[in-house]
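Trainee: I have a new model to look at and no idea where to start. Can you walk me through the sheet?
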Amino acid sequence: MDSVEKLTKLFESFPGIGPRQAKRFVYYLLSKDPNYLSEISLLIKDIKKDISQCTLCKKFFSKKQSENICNICSNPERNPEELMVVSKDSELIAIEKSGIYKGYYFVLGGLIPILEKEPEKRIRIAALKERISKAKEKGLKEIILALSTTSEGENTEEYLKKELGIYGLKITVLGRGISSGAEIEYIDSDTLKGALENKK
Ligand SMILES: [Zn+2]
């Protein structure tokens with residue numbers, strides 16, 4: 001395999017990127033000057049140095065010192081009664097940007113495909129349970145499942161409802177202002193707001 005093929009394979013493994021797009025990225029890089037390429041490789045090489053994963057919500061954040069809790073989880077002004085579960089960082093960011101939600105979050109790190117035999121390997125279920133136990137001591141009352149309305153999203157929702165039933169908390173899902181097949185991160189703020197107001 002030559003460098004073009006190797007790099008194409010690498011890009012193909014990125015979420016949402018197919019072989020043709022991967023190849024376009026490679027030829028785009030080939031068209032750039034060496035400075036641009038060194039900058040990009042340095043940024044990739046160091047990405048983990050400046051970024052930490054929050055021990056509570058599992059979101060990645062850029063750390064100033066050596067803190068291990070993000071600015072949302074460490075904010076005492078947030079509502080301790082609500083914990084919203086999303087599948088990935090970009091969804092948390094989209095909801096946060098809309099400014100409609102004031103509780104805390106948890107990032108699952110994935111969704112469970114239908115018929116998956118080992119769902120616990122697809123999402124951070126153990127860490128979520130740990131988070132809920134801690135949050136319960138601080139007054140948690142409601143878990144909001146904010147998952148995409150795709151088949152994987154709905155399958156994950158069912159699994160979580162079953163797994164989290166033991167806590168005796170209210171479990172709600174976003175209202176169906178969100179059309180079927182919608183991915184949370186691409187939904188506009190108004191629709192998100194409606195979905196949150198109409199949660200059930
Ligand atoms: Zn956090």
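Mentor: One term before we begin: two strands pair if DSSP finds at least two bridges between them. Keep in mind that this is a predicted model. Here E3 and E5 pair in the parallel sense, over 4 bridges.

Trainee: Ok, which residue in E5 stands opposite Met84?
Mentor: Ile144 in E5 is the one opposite Met84.

Trainee: And what is the strand order in the sheet?
Mentor: The order is E4-E3-E5-E6, in an open sheet of 4 strands with parallel pairing. Strand E4 (103-107) and strand E6 (170-173) are the edge strands, each pairing on one side only. On average, neighbouring strands of this sheet are turned by 25° against each other, direction ignored.

Trainee: What packs on the sheet?
Mentor: Helix H5, residues 125-137, does. H5 touches strand E3 (79-86), E4 and E5, and its direction makes about 160° with that of E4.

Trainee: Back to the edges. How many bridges link E3 and E4?
Mentor: E3 and E4 pair over 5 bridges, in the parallel sense. Leu83 has Tyr104 in E4 as its bridge partner.

Trainee: Which helix goes with those two strands in a β-α-β unit?
Mentor: Helix H4, residues 89-98. The unit made by E3, H4 and E4 is right-handed.

Trainee: Other edge, then. How do E5 and E6 pair?
Mentor: In the parallel sense, over 4 bridges, with strand E5 covering residues 142-145. Glu142 stands opposite Lys170 in E6.

How values were computed. Residues are numbered from 1 along each chain as its sequence is written. This is a predicted model: local features need pLDDT of at least 70, side-chain atom pairs count only at pLDDT 80 or more; totals for chains, interfaces and linings use all residues. Side-chain values use heavy atoms; hydrogens and water are left out. Axes are lines fitted to C-alpha atoms, for helices over the stretch in contact, and angles run from 0 to 180 degrees between N-to-C directions. Contact means heavy atoms within 4.5 Å. A crossover is right-handed if, with the strands pointing away from the viewer, the path from the first strand over the helix to the second runs clockwise.
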